[in-house]
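Trainee: Could you take me through one part of this model in detail, beginning with a pairing of strands and moving on to the backbone features worth checking?

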Amino acid sequence: MARGLTLADTAQNRLRPVNPASSPYLSGRFAPVDRETDADDLRVEGTIPADIDGVFMRNGPNPKFPPLGSYTYPLEGDGMIHAVWIGGGKARYRNRWVWTNGLRAEDRAGRALYGGIMTPAFVDQNLLGPDPDPGWPTKLDAFINIVRHADRFLALEEGTPPYEVSPELQTIGRFDFGGGLPLGMCAHPRIDPVTGEMVVFRYDIEEPFLTWAIVGPDGSVTRPPSAVPGIDKAFMIHDFTITEHYAVFVIGPAVLDVNAMLAGGSMLQWQPDLGTRIVLVPRAGDGPVSTVELDPFWVWHFANAYEDGDRVVADFPSWSGLSLAAGDRRAAGDQRTPVAGQFTRVSIDPARGAATVTSVGDHPSEFPRIDDRLTGRRHRYLTVGAASGKHDLARGEHDRLVRWDMSTGRSEAWDTDASIGEVVFVPRNGASGELDGYYMTLARSVADDHSWLYVWDAADFPCPPRARIAIPATVPNGLHANWFARRP
Ligand SMILES: [Fe+2]
């Protein structure tokens, strides 16, 4: 990965641990926790609906040791999964690190061994054990997402092999799909609710720069990694989306450049002259790829996409530039102008290679989600997190839950007194409607710093949470969450 690195450039012993107090993303509501906790029969304000039965899991970076040299949020950090199991009107909590081999090595050493991604370090291989994780000198941190597919729970980073964890969060080990995805996968696979397929992609700093693959419903790779044609640079691509027939890539002009980083510049170069392109790849793998060229914008996450006749519609928060959190301007290409966010719908005509871009709302938002049972199919409702302006929040924190009705283009919102995480739709057992269920998220009270799991009734939204489940431990701000219904 890091061709051109020399020992003199990156001597590990030159790197000093980051002072957590000096980093906004290692302190306050982002401060990592230092223990694994179990708690049964959690205290509840309000009532947990009796028709919720499953587990809510959320992943996020939680460095066990002060990072060496640099810490870039949200691009690194040991993964920690926080989970709340709910059933019979009761709840229990557990959190566990994802015990990667890199983390185990650091735990044996009692300190960080790897450098931050902006300060790669040559690690004494003798310290890493007999089966070091791939990716050195970058540490494999499975901190971005947690998904379930083919009855496996997979903790995901982007571009590396997942780590499998048990349903009770014990780390099982690296998982490469029986050798089918030897280099790993993205942090944002899309699981087709109709076929059971998991569609994945992976970007790289060398050719092929972008590949995609399909994992069948039984967990075996049915379409091996295939290059997306026409991708001639190492674009960073965090998320994608699918429809019934397409994998949909929106490729913004964020280019990875390791040599620039080693010369003291940015690892990520924002190159607006390249524009943003949308690439539709037929999932059947045998049709022509459609490409649409647009003015530059950036997308972290997609709500969903679907086919509407001959067109493909996709909904997502968009940004005028690469919107990394504050304090990491070097990673973001040191853009001088703050980026602007809005909510956007694109409607693509694959046959003509054209697209219509519509601004649905002009406020920044993130973590868009739908009822996952509609992945790749037409949705009406989606939720995002946003900032109300009522609280002193760090960039990237949200206190407002917004629900868009895309059939009317209108939104409704509920303002909390907490920093809320990604909001997940939890269907009521046995129900099928997009509003027949609950919205669920982890929340950290702004006033008293307590951690909660909030549960809203989607049918009544906007409204106060129907239940606030008290977490008897601190839960830092994190990244992606999912709901996993109990298997019959
Ligand atoms: Fe993400």
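**A sheet edge and the loops beyond**

Mentor: In this predicted model, strand 1 pairs with strand 5, which covers residues 90-97, in the antiparallel sense, and the pairing runs over two bridges. Within this pair, D38 stands opposite R94 of strand 5. As a general point, the strands of a sheet are joined through backbone hydrogen bonds, in either a parallel or an antiparallel sense. The pair belongs to an open sheet of five strands, whose order is 1-5-4-3-32 and whose pairing is antiparallel. Strand 1 (38-39) and strand 32 (481-485) stand at the edges of this sheet, and because each has a single partner strand, one side of each is left without a neighbour in the sheet.

Two members of the same sheet, strand 3 and strand 4, lead to a backbone feature that a computational chemist may wish to look at. The loop between strand 3 (54-58) and strand 4 (80-87) holds P74, and the peptide bond that leads from Y73 into P74 is cis, with omega near 0 degrees. A cis peptide bond is also found from E207 to P208, where omega is near -10 degrees; P208 has its place in the loop between strand 11 (198-203) and strand 12 (210-215).

Phi angles offer another view of the loops. A150, which lies in the loop between strand 6 (145-149) and strand 7 (152-156), has phi near 50 degrees, a positive value in a residue other than glycine. For F177, phi is near 60 degrees, again a positive value in a residue other than glycine, and this residue is placed in the loop between strand 9 (171-174) and strand 10 (190-191).

The surroundings of these two residues can be set out in turn. A150 has 15 C-beta neighbours inside 10 Å and therefore counts as partly exposed, since that class lies between the limit of 12 or fewer for exposed and the limit of 20 or more for buried. F177, by contrast, has 23 other C-beta atoms within 10 Å, so F177 is buried.

Finally, the wider frame: the domain assignment of the protein chain gives domain 1 as residues 1-175 and domain 2 as residues 188-379, and the C-alpha centres of domain 1 and domain 2 lie 25 Å apart.

How values were computed
Residues are numbered from 1 along each chain as its sequence is written. This is a predicted model: local features need pLDDT of at least 70, side-chain atom pairs count only at pLDDT 80 or more; totals for chains, interfaces and linings use all residues. Two strands pair if DSSP finds at least two bridges between them. Helices (H or I, at least four residues) and strands (E, at least two) are DSSP runs, numbered from the N terminus. Domain bounds come from an automatic or database domain assignment.
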